[in-house]
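The following points are offered as a colleague's reading of the structure shown below. They are arranged by chain and may be checked against the coordinates in turn.

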Amino acid sequence: MRSGETLIPVLGVVTEIRRETPDVKTFRVSAPGGGAVFPHMPGQCAMLSIPGVGEAMFSITTSPTTKAYMEFSIKQTGLLTDWLHGMEPGQQVAIRGPYGNAFPLETELKGKDLLFIAGGIGLAPLRAVILYVRHYRDNYGKVDLVYGARSKEDLVFYEEVSKDWASSEDMQVHLTIDRAQEGWEGNVGFVPDFVRSLDFSPKCSTLVCGPPIMIKLTLDALWGMGFDRTKTFTTMELKMKCGVGKCGRCNIGSKYVCKDGPVFRCDELAELPDEY
Amino acid sequence: MLKLPVSQMEELFASIASEQSLYLPLETNGLIAFSRWEEGKQARFDQLHCAGSVKDFFFPQTENLALFKTSGKEIHIEENRDPEEAFVVFGVRACDAGSLSILDRVFYDEPADTFYQTRRRQGLIITVACNAPEETCFCHTFGLDAADPGGDVAVWLLEDMLYWDSRTEKGHALTERLRGLFEEAGDQGEETVRKGKADIGKIIDRLPLRDLSLERFAGDGMMEKFDAPQWESLQEACLGCGTCTFVCPTCHCYDIRDFDTGHGIRRFRCWDSCMFSDFTLMAHGNPRPSRLARFRQRFMHKLAYYPENHEGLYACVGCGRCITKCPVSMNITKVIKTLGVDQHA
Ligand code: SF4
Ligand code: SF4
Ligand code: FES
């Protein structure tokens, strides 16, 4: 019997595993009878666990417009993620969610020119948004993606980004890597510098995701270019246990990242103590 | 209001315990704690605070959540709730009773915590007025009244008589069941209780923490408090032991862990503490890396963050447990006094 208790996970089945980079893999997960395990909106997360190994929060990298499955792109960083990286298709996982808010795609972002800026694995949550926006393409204005990683091999979803997205009429893709390398014809340099060089209109609504230091420097670059904090969104990542604002672990001031985030508008973030 | 001679309290306990588990302040190994009452056990109302708080009944230190069985690539998931029981906690003080409304707001917030919810449904609280509030008591600071405690039933122990006033549906139902034991308190009884309350009020007025004021904490001034230079000296002696969080009736941080039982993995939750250095530790860093940051978190949560999310309600009930238990004599009243003065004076 199920009580609907959010702390108790349900079953998911890993149906496909793709290697994205030397330390990132994408896992496709469906409900045992097929289909996404639960509905979600882009930006929301799920708790994945392997009993006896651990449980952690991961962003859902697919859009709710994909009904057949959900995907998670996960970087290998510790016990649980080591285990996940070692598993094979057919493995069952315990999953609960969705948790957190989402990017305001049906409200504040609707009809706007969108500038996505991602660093490394930070493209995972933004991919959910981009897939959603491309599905409902007429609801949004111009779409640009600036995406960077240490090297070409560290760009996640490389095929999809460089082939499908870059060649589509729907959007403009601007790639950069930190250091020059054989066979790379795109930009070389850090994301914040690249953003400065690209001359975007500060009127865009901007979504920034990536490692904390990349987010910080990118936001500084945006403020320097006259971007508006009330139209700039980013995501936060803190340690989590419950996912529902009760266990007391993931707060920044009075906000719980698991419940009030992970998506924050930068003017709201500026009000909070600098504890992230 | 009803009454019963204190000499007949055993009978009252026995009647309650005939249908519900009854917990009372009992002495075991020199410690007075809420424990299951059995015939012949002496209730101890002479000490105001039990070692643990009433929170332990609704949000126990550890509790089971789920059981997993794994074989090959397959996982079987089962809910694993600890057995439910209808229970009565008798002898809860105003402060602890007040802590439940603070916890309710956290655990009832959607999605509600069904473990907590079930226990709250099953549990009945009988409070006892504090005839002699102590020098570590400051529940009055949070609008609680030691002379008129909340709960499903409130009890006064005055002049060898127990006065019984039921206040909720649950309380009325229990009273109905026990009705034969009681007599009407009558006007004289009401008068005795009124006088008892007034006497308690006089003691409260003379308490050393009587004038502890939160005035300077109300409103938006709290972010200024976050940056206050006084945190440095306040946190200096703190050991980060977490004692204050475990004895506190309103602290509710928890962890979720797995345990291999040998025939399945049991997932349980247990109390955790924001005072511990690994509480927020992640692979790529720690947002509260210093003891100062962790110390500040505990008090900012109670005095600023919680009130911001809950219409100004503070997450402290002034029970004073942290005052008596902290090994280095640090506590929330020192924080309130120190930060309550002008920051830059
Ligand atoms: S304030 Fe006292 S009880 Fe609390 S963690 Fe510090 S030393 Fe321990
Ligand atoms: S902070 Fe101290 S006085 Fe306040 S409720 Fe907790 S233990 Fe009691
Ligand atoms: S993960 Fe428990 S409060 Fe956010």
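1. In this predicted model, chain A contains an open sheet of 7 strands with mixed pairing, and the strand order is 10-9-8-7-11-12-15. Strand 10 (187–188) and strand 15 (263–265) of chain A each have a single partner strand and stand at the edges, so one side of each is left without a neighbour in the sheet.

2. Within that sheet, strand 8 (residues 143–149) and strand 9 (residues 172–177) of chain A run in the parallel sense and are paired over 6 bridges. A reference point for inspecting this pair is A:Leu145, which stands opposite A:Val173 in strand 9 of chain A. Helix 3 (residues 158–167) of chain A packs on the sheet and touches both strand 8 and strand 9 of chain A. The direction of this helix makes about 150° with that of strand 9 of chain A.

3. Helix 2 (residues 123–135) of chain A lies across four elements: strand 7 (114–119), strand 8, strand 11 (205–209) and strand 12 (232–235) of chain A. Relative to strand 7 of chain A, helix 2 of chain A runs at about 155°.

4. Chain B has an open sheet of 8 strands, again with mixed pairing, in the order 3-2-6-7-8-9-1-10. Strand 3 (31–36) and strand 10 (183–184) of chain B are its edge strands, and each pairs on one side only.

5. Strand 1 (residues 2–5) and strand 9 (residues 161–166) of chain B are antiparallel and joined by 4 bridges. Here B:Leu2 stands opposite B:Trp164 in strand 9 of chain B. Helix 5 (residues 169–178) of chain B packs on the sheet, where it touches strand 7 (123–128), strand 8 (153–158) and strand 9 of chain B. The angle between the directions of helix 5 and strand 9 of chain B is about 130°.

6. The domain assignment divides chain B into domain 1 (2–60 + 83–205) and domain 2 (215–253 + 272–340). Their centres, taken over C-alpha atoms, are separated by 28 Å. How many residues of domain 1 of chain B are in contact with domain 2 of chain B? There are 20, and they meet 17 residues of domain 2 of chain B. Helix 3 (residues 94–107) of chain B gives the most to the domain 1 side, with 8 residues. By class, that side has 11 nonpolar, 6 polar and 3 charged residues.

7. Finally, the surroundings of ligand 2 merit inspection. The residues around this ligand include B:Cys248, B:Cys316, B:Cys319 and B:Cys322, as well as B:Arg321. The shell divides into 8 nonpolar, 3 polar and 1 charged residues.

Notes. Residues numbered from 1 in each chain as written. Chains lettered and ligands numbered in written order. Predicted model: local features only at pLDDT ≥ 70, side-chain atom pairs only at ≥ 80, totals over all residues. Pairing = 2+ DSSP bridges. Helix = DSSP H or I, 4+ residues; strand = E, 2+ residues; numbered from the N terminus. Contact = placed C-beta atoms within 7 Å. Axes fitted to C-alpha atoms, helices over the stretch in contact; angles between N-to-C directions. Near = placed C-beta within 6 Å. Nonpolar A, V, L, I, M, F, W, Y, C, P; charged D, E, K, R; others polar. Domains from an automatic or database assignment.
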